[in-house]
Amino acid sequence: MAETVKYLLDESDIPTHWYNLLPDLPSPPPPPLHPGTGQPVGPDDLAPLFPMALIQQEVTTESRVEIPEAVRDVYRLWRPTPLIRARRFEEALGTPARIYYKYEGVSPAGSHKPNTSVPQAYYNAAEGVDRLTTETGAGQWGTALAFACALFDVDCEVWQVRASYDQKPYRRAMMEVFGATVHPSPSDITEAGRKILADSPDSPGSLGIAISEAVEVAAGDPNTRYCLGSVLNHVLMHQTVIGEEALEQLALAGDTPDLIVGCMGGGSNFAGLSFPFIREKLAGNIDPTIRGVEPAACPTVTRGVYTYDFGDTAGMTPLLKMHTLGHDFVPDPIHAGGLRYHGMSPIISHLCETGVMEAVAKRQTECFEAGVLFARTEGIVPAPEPTHALAVTVDEARRCAETGEEKVILTAMCGHGLLDLSAYEKFLAGEVVDYEYPQARIDEALTRLPNPDL
Ligand SMILES: *Cc1c(COP(=O)(O)O)cnc(C)c1O
């Protein structure tokens, strides 16, 4: 009989709780600060932007938070997601390593993002919010929130980074099919957008700018709240359904991971996969290396500084202690739009600073090569973002081929690339170039940190 490659769970195995890593850490990450007072932000500071249930989740000290039945019921549309042994990919690499991928591309948006958009829309609807605003880079988060808002009957307004608005008309169409209104960012309907347009009318936009616009509109209307698709503690927590399932599935496969690898934009998909394994690692049960991968063109952890910075360009959010390239940093237009964020989740940054996990950077051509090999062997065209994790997986698998080591590698396949085919088309035509972010531009952006002494 052929070897099993696909590890499936039943609907009844969908986790009943999200996992909050914070109480299990030896030391907590530094708190968010109010930019005016320099004091830790309290619930009241956040209330204009987020519903109380999510504010509580942001600061909870419980390690397990129950998933509402209405949310689990929506998760049933695509969860549990498969864990697949990439046997043909292994064979093509000639490696004795065993490579598994946890595939989130089966969700309605084609990525991990609905794991958090659904509870975010649910809690907002439960507190009577009429409209949600948000930003989107690659279009994945906007699509996920538009879908969730359609289910809970909430209006959805999305600021899509200009470069992606122009390059990805199908993402915009998908958001509109789900009922959302989509604006290119920078737009002329917010003060933050108008200010950027006055300085640079051809601005390709950035996630930081789009966040400023969505936050401004939410802060100005009592019936509107704002949603973030990554970075914040509650978002990372919602994503832990990925890792909880993967723990069970790897146990079914009879393997324990030696290396867990995933791409990092704001850190949510990789946190979702890795945090339940980090819990087991901190408890001394397993000892995998946890390696996050970012683009060389937006090297937040590997080349940024660890300090307090704004989450957005206009400086409207609380100050977060994180690795940052500076809040007005505009990255080169790499195809992995979801990885073009100037900051990083404060929890991930803290884990990197304390040595619980590590970060590396990869150039996009190498990532596309790995993505194409994966497509030709496993049949899934990965989104450009997770090809960053695949590039590291390939390196490690080749190293194992040399040493004969039978490493178990678990990689986060956080989305498919069926709406990114134009990027693959460019790659196959030899038109994809690498960007190495010049140190001078990083140094320059870092001169505008709100308070470098924090
Ligand atoms: C949004 C997105 C990312 C980056 O965000 P994280 O919070 O780091 O996960 C990566 N991959 C895909 C497919 C995305 O949609």
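The legends below describe close-up views of a predicted model.

**View 1. The residues around the ligand.** The ligand is surrounded by 16 residues. Among these, Lys113, Ser230, Gly265, Ser268 and Asn269 come nearest. Sorted by class, the shell consists of 10 polar, four nonpolar and two charged residues.

**View 2. Polar contacts of the ligand.** Three side chains are shown here, those of His112, Ser230 and Ser268. In Ser230, a side-chain N or O atom lies 2.5 Å from an oxygen atom of the ligand. For Ser268, the distance from such a side-chain atom to a ligand oxygen is 2.7 Å, and for His112 it is 3.1 Å. The protein buries 97% of the 380 Å² that the ligand exposes when taken alone.

**View 3. The space that holds the ligand.** The largest cavity is the space taken by the ligand. The shell of residues around the ligand includes two charged ones.

**View 4. Cys227 and Cys149.** The structure has zero disulfides. For Cys227, the closest cysteine sulfur belongs to Cys149. The two sulfur atoms are 6.4 Å apart, which is too far for a bond, because a disulfide needs sulfur atoms within 2.5 Å. Cys227 has 0% relative accessibility and therefore counts as buried.

**View 5. Cys298 and Cys263.** Zero disulfides are present in the structure, and Cys298 is in none. The cysteine sulfur nearest to that of Cys298 is in Cys263, 12 Å away. With a relative accessibility of 1%, Cys298 counts as buried, since the limit for a buried residue is under 20%.

Definitions and conventions
Residues numbered from 1 in each chain as written. Predicted model: local features only at pLDDT ≥ 70, side-chain atom pairs only at ≥ 80, totals over all residues. Heavy atoms only, no water. Near = heavy atom within 4 Å. Polar contact = N/O pair within 3.5 Å; in protein donor to acceptor, adjacent residues only side chain to side chain. Areas by Shrake-Rupley, 256 points an atom, 1.4 Å probe, with all protein chains shown as cover. 1 Å grid on protein atoms, 1.4 Å probe; cavity = no way out; pocket = protein on both sides within 12 Å on 5 of 7 lines; lining within 4 Å. Sits in = over half its atoms within 2 Å of the grid points. Nonpolar A, V, L, I, M, F, W, Y, C, P; charged D, E, K, R; others polar. Buried < 20%, exposed > 50% of the residue type's maximum accessible area, 1.4 Å probe, protein only.
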